[in-house]
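Visitor: I'm new to reading protein models. Could you walk me through a few features, one at a time?

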Amino acid sequence: PYLDFFNSSFYPQIQSIGSYNSSLDAITVKTNTKCEKNDQLFITYGPFSNRELLQNYGYLILPSNPYDKILFE
């Protein structure tokens with residue numbers, strides 16, 4: 001459940017998240033940028049429109065979503 005504490009961004013720093021290591025009582029997180037202790041890290045849910053994010057993940061509309069689109073039916 002702790003991975004839910006990461007905020008989402010379309011430009012994340014997290015490259016990969018390892019599995020739980022019981023001997024260290026920790027989860028390994030690899031980043032693609034240097035980070036310091038207490039820095040905020042961001043993940044991404046992928047290239048989804050606002051509609052898809054709301055429907056699948058419960059996000060409210062993100063005004064700067066580069067993947068947003070309007071569907072005409």
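**Reading the features**

Guide: Happy to. Tyr20 lies in strand β2, which covers residues 14–21. Keep in mind that this is a predicted model.

Visitor: Is Tyr20 buried or exposed, or something in between?

Guide: The idea is to look at relative accessible area: under 20% is buried, over 50% is exposed, and partly exposed is in between. Tyr20 counts as partly exposed because its relative accessibility is 48%. Tyr20 also belongs to a nonpolar surface patch, together with Ile17 and Ile27. That patch has an area of about 260 Å².

Visitor: What about Gly18, where does that sit?

Guide: Gly18 is in strand β2. With a relative accessible area of 35%, Gly18 is partly exposed. You can also compare sequence and space here: Gly18 and Ile43 are 25 residues apart along the chain, and their C-alpha atoms are 13 Å apart.

Visitor: Can I try that on other pairs? How far apart in space are Ser22 and Tyr45?

Guide: Those two are 23 residues apart in sequence and 26 Å apart in space, C-alpha to C-alpha. Ser22 sits in the loop between β2 and β3, and it is exposed, at 59% relative accessibility. Now take Pro47 and Asp68: they are 21 residues apart in sequence, with 8.6 Å from C-alpha to C-alpha.

Visitor: And where do I look for Pro47?

Guide: Look in the loop that runs between β4 (42–43) and α1 (50–57). Pro47 has a relative accessible area of 57%, so it is exposed.

Visitor: Next, backbone angles. Which residues other than glycine have a positive phi?

Guide: Asp25 is one of them, with phi near 55 degrees. Asp25 is in the loop between β2 and β3 (26–31), and it counts as exposed because its relative accessibility is 59%. Asn38 is another non-glycine case, with a positive phi of about 75 degrees. You'll find Asn38 in the loop between β3 and β4. At 74% relative accessibility, Asn38 is exposed too.

Visitor: Now charges. How many salt bridges are there?

Guide: Here's the general idea: side chains of opposite charge can pair when their charged atoms come close. In this model the count is one salt bridge. Lys34 pairs with Glu36, and their closest N and O atoms are 3.8 Å apart. The cut-off is 4 Å, so that distance qualifies.

Visitor: Are the two partners buried or exposed?

Guide: Lys34 is exposed, with a relative accessible area of 74%. Glu36 counts as partly exposed, because its relative accessibility is 48%.

Visitor: Last topic: empty space. How many cavities of 30 Å³ or more are there?

Guide: The trick is that rolling a probe the size of a water molecule over the atoms shows where empty space is left. Here the count comes to one cavity of 30 Å³ or more. The largest cavity holds about 30 Å³ of space.

Visitor: Which residues line the largest cavity?

Guide: The lining is made up of Ser8, Phe10, Thr44, Tyr45, Gly46, Leu53, Tyr59 and Leu62. You've already met Tyr45, as the partner of Ser22 in our distance exercise.

Visitor: And what classes of residue make up that lining?

Guide: Five are nonpolar, three are polar and none are charged. Gly46 is among the lining residues, and glycine counts as polar in this scheme. Try finding those residues in the picture yourself!

Key
Residues are numbered from 1 along each chain as its sequence is written. This is a predicted model: local features need pLDDT of at least 70, side-chain atom pairs count only at pLDDT 80 or more; totals for chains, interfaces and linings use all residues. Side-chain values use heavy atoms; hydrogens and water are left out. Patches are made of residues with over 30% relative accessible area and no salt bridge: like charges are joined within 9 Å, nonpolar side chains (Val, Leu, Ile, Met, Phe, Trp, Tyr) within 5 Å. Accessible areas come from the Shrake-Rupley method with a 1.4 Å probe; for residues, only the protein chains shown count as cover. A salt bridge is a side-chain nitrogen of Lys or Arg within 4 Å of a carboxyl oxygen of Asp or Glu. Helices (H or I, at least four residues) and strands (E, at least two) are DSSP runs, numbered from the N terminus. Buried means under 20% relative accessible area, exposed over 50%, partly exposed in between (1.4 Å probe, protein chains only). On a 1 Å grid over the protein atoms alone, a cavity is a set of points where a 1.4 Å probe fits but cannot get out, and a pocket is an open set with protein on both sides within 12 Å along at least five of seven lines; lining residues have an atom within 4 Å of a point. Grid points are joined across faces, edges and corners, and a volume is the space filled by probe spheres set on the points.
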